[in-house]
Amino acid sequence: MKESHYVEKKLYSISEKQIEIGDFFISTTLLTNEFVMEMVNALKIENGKGGAYIIFNEFNPSLPIQWNQDMQCYRIKKGYKDHPVCGITWQGALLIAFLVGGRLPFELEWEACATSGDLKKKYPWGDEEPSAQLANYGEHIGSTTPVKRYPPNEWGLYDMAGSAEEWCMDWYYPDHFYTAHQSIPGVHRYGEKTVKGGSWNKGAKRLQCTSRRGKWYRIGTVGIGARILWDSQPMEVIPWLRTATTATHI
Amino acid sequence: MRCPFMILSHHRSGSNFVHDLVQAHPRYECISEPFSMHSGIFRDIDLVPWLAEEFDDTVLHPYLTSYPETIQFLQNLRDFLVSPYKDHARGMKETMLFEKLGWVNAYVPDLKIVFLVRDPRAVVHSIVNRAMYRLWNYSGKIPVYMHQYYPEEVIPVTPAQLSTWSWKIRIGLAYEMLNLFDYTVVRLEDIVVHPEDHLPALMDFLGDEMTDAQWTFFHNSHHQTRGKAYSTRRSIEEVLNSWKEGLSHDNRQYIESHLREEMVRLGYL
């Protein structure tokens with residue numbers, strides 16, 4: 001959270017359209033367990049009220065952030081402070097980002113960052129096939145790894161492939177990429193948000209920069225985390241939060 | 001529109017593997033254990049039966065009345081399961097809910113069930129070997145259930161005995177209630193040994209064909225053992241045979257004598 005990379009405005013050719021993105025800062029690392037835990041403790045957020053969590057999944061015993069009854073606060077399992085937070089919901093990730101003046105990346109922004117501005121790159125490091133030295137994936141390790149464990153990409157961004165997948169702002173439609181920037185008409189909201197980047201427990205194919213899938217925005221899984229982006233010209237994030245909490249399924 | 005589905009299995013039966021295998025299909029999305037791993041209440045009421053007639057469309061079940069956040073979560077979950085994109089399908093996998101299947105049928109009436117089973121000797125060995133009986137509080141749940149429904153039986157004490165009874169109780173409950181659903185029974189061993197027959201059959205039950213991505217996932221999963229307790233990467237040898245060396249003679253005898261009827265029914269004896 002202490003380091004970010006500035007991304008200049010640039011035009012990208014997408015489906016015969018020119019789309020300009022940029023003029024933002026993006027965190028060089030994924031959001032960590034320590035950062036989320038400290039924020040939730042400091043704000044005394046009732047995360048698990050009524051048996052259902054809001055920000056992160058505190059009910060799965062295998063996840064690192066757990067409620068400590070004796071201390072009446074959240075604590076992190078030993079050794080996981082500097083690991084990317086997993087089990088975080090989309091709305092939880094956006095709320096944390098919002099609280100520090102940022103938001104989540106849109107899918108196109110995320111891909112631009114993963115490829116260091118060259119969307120033709122297959123992986124963040126180039127076209128070389130993945131290995132256990134380049135990224136944490138495919139159960140080679142069996143869990144997330146500390147941020148900055150693997151080499152960064154050209155822009156200095158770590159874990160753009162592997163360790164934890166990353167929530168994006170966009171609603172996910174299987175047939176349409178970059179939905180937020182494409183103004184896709186006539187499609188419904190099916191309750192899934194786009195996730196990118198692959199993770200410790202997913203296969204090599206998920207590491208490809210164009211790989212994408214959808215996940216229910218209310219769920220916090222063992223392999224999905226988040227990265228924060230700050231617009232130079234701050235956008236209004238509150239409507240996105242409101243959308244998430246009132247989304248209906250058609 | 002495709003029916004929602006549930007992969008139901010006892011703990012340590014390969015449900016993560018089948019979950020990921022199904023989800024490797026580009027049109028299938030599966031939520032892993034929304035009741036037992038995404039809620040703060042269902043592990044506490046494991047093996048407390050919920051009946052179909054207790055279902056209520058507003059509060060879902062009387063027990064939930066004081067948990068409005070959980071009611072909302074479960075209502076959202078149901079909406080999510082029954083509203084897939086175009087010709088896609090959505091489902092969940094669970095290792096609990098055996099005693100709540102009547103209620104589940106009222107909660108999501110069109111739910112299809114893939115009932116996944118594994119040789120109980122392998123299941124018990126895995127649970128004991130990884131001390132998973134603590135996570136699931138078998139010593140707190142199993143004796144209470146047995147006192148009510150198996151009053152003539154000697155209450156199990158050791159982890160292997162508790163795990164044996166957990167399997168017996170849950171598999172018995174499943175067979176009592178599965179006829180409420182469109183269901184299929186899948187043996188993990190069959191998938192692993194004869195994937196060419198059993199994987200297409202599994203996907204056919206769900207209404208689709210196996211894809212190349214699923215075959216790739218399958219072959220990668222069994223190439224070698226990797227990862228930790230919940231990894232889907234296990235060698236075929238480990239899946240099929242690790243219990244044979246790890247399970248003590250006494251525990252094997254206990255399992256085979258107490259589960260004889262179920263094991264014969266499922267082809268394990």
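Chain A and chain B bury about 2,800 Å² between them, and 54% of that area lies on carbon and sulfur atoms. Do keep in mind that this is a predicted model. The contact draws on 35 residues from chain A and 34 residues from chain B. Beyond the interface, there is an open sheet of four strands in chain A and an open sheet of five strands in chain B, and both are walked through below.

**Where the two chains meet**

- Three residues are a good place to start looking: Glu139(A), Tyr190(A) and Trp216(A) supply 22% of the area that chain A buries against chain B, more than any other three residues.
- Salt bridges cross the interface too, and the rule finds three of them between chain A and chain B.
- One to display joins the side chains of Glu192(A) and Arg90(B), with an N to O distance of 3.5 Å.
- Counting residue pairs in polar contact between chain A and chain B, both at pLDDT 80 or more, gives 13.
- Which element gives the most to the side of chain A that touches chain B? That is strand 9 of chain A, with four residues.
- By residue type, the side of chain A that touches chain B divides into 12 nonpolar, 15 polar and eight charged residues.

**The four-stranded sheet of chain A**

- This open sheet has the strand order 9-8-7-10, and its pairing is mixed.
- Strand 9 (213-216) and strand 10 (224-225) of chain A are the edge strands, each pairing on one side only.
- Strand 7 (residues 165-171) and strand 8 (residues 192-196) of chain A run antiparallel and are joined by three bridges.
- To find your bearings along that pair, look for Trp171(A), whose bridge partner in strand 8 of chain A is Lys193(A).
- Helix 2 (residues 90-99) of chain A packs on the sheet, where it touches strand 7 and strand 8, and its direction makes about 90° with that of strand 7 of chain A.

**A hairpin in chain A**

- Strand 2 (residues 10-14) and strand 3 (residues 17-21) of chain A pair in the antiparallel sense over five bridges.
- Next to the turn, Ile14(A) has Lys17(A) of strand 3 as its bridge partner.
- Two residues lie between the strands of this hairpin, and Ser15(A) takes a positive phi near 50° there.

**The five-stranded sheet of chain B**

- Here the open sheet follows the order 2-3-1-4-5, with parallel pairing.
- Strand 2 (28-32) and strand 5 (182-187) of chain B stand at the edges with a single partner strand each, so one side of each has no neighbour in the sheet.
- From one strand to the next, the twist averages 20°.
- Strand 1 (residues 5-9) and strand 4 (residues 112-117) of chain B pair in the parallel sense over five bridges.
- Within this pair, Ser9(B) stands opposite Leu116(B) of strand 4.
- Helix 2 (residues 68-81) of chain B lies across strand 2 and strand 3 (89-94), running at about 135° to strand 3 of chain B.

**Salt bridges in the whole structure**

- Over all chains, a search of the whole structure finds 27 salt bridges.
- One of them pairs Lys93(B) with Glu33(B), whose closest N and O atoms are 3.2 Å apart.
- This pair links distant parts of the chain, 60 residues apart: Lys93(B) sits in strand 3 of chain B, and Glu33(B) in the loop between strand 2 and helix 2 of chain B.

Technical notes. Residues are numbered from 1 along each chain as its sequence is written. Chains are lettered from A and ligands numbered from 1 in the order in which they are written. This is a predicted model: local features need pLDDT of at least 70, side-chain atom pairs count only at pLDDT 80 or more; totals for chains, interfaces and linings use all residues. Side-chain values use heavy atoms; hydrogens and water are left out. Two strands pair if DSSP finds at least two bridges between them. Contact means heavy atoms within 4.5 Å. Axes are lines fitted to C-alpha atoms, for helices over the stretch in contact, and angles run from 0 to 180 degrees between N-to-C directions. Buried area is the accessible area (1.4 Å probe) that two parts lose on being put together, summed over both. A salt bridge is a side-chain nitrogen of Lys or Arg within 4 Å of a carboxyl oxygen of Asp or Glu. A polar contact is a pair of N or O atoms within 3.5 Å; within protein, one must be able to donate a hydrogen and the other to accept it, and residues adjacent in sequence count only if both atoms are side-chain atoms. Ala, Val, Leu, Ile, Met, Phe, Trp, Tyr, Cys and Pro count as nonpolar, Asp, Glu, Lys and Arg as charged, and the others, Gly among them, as polar.
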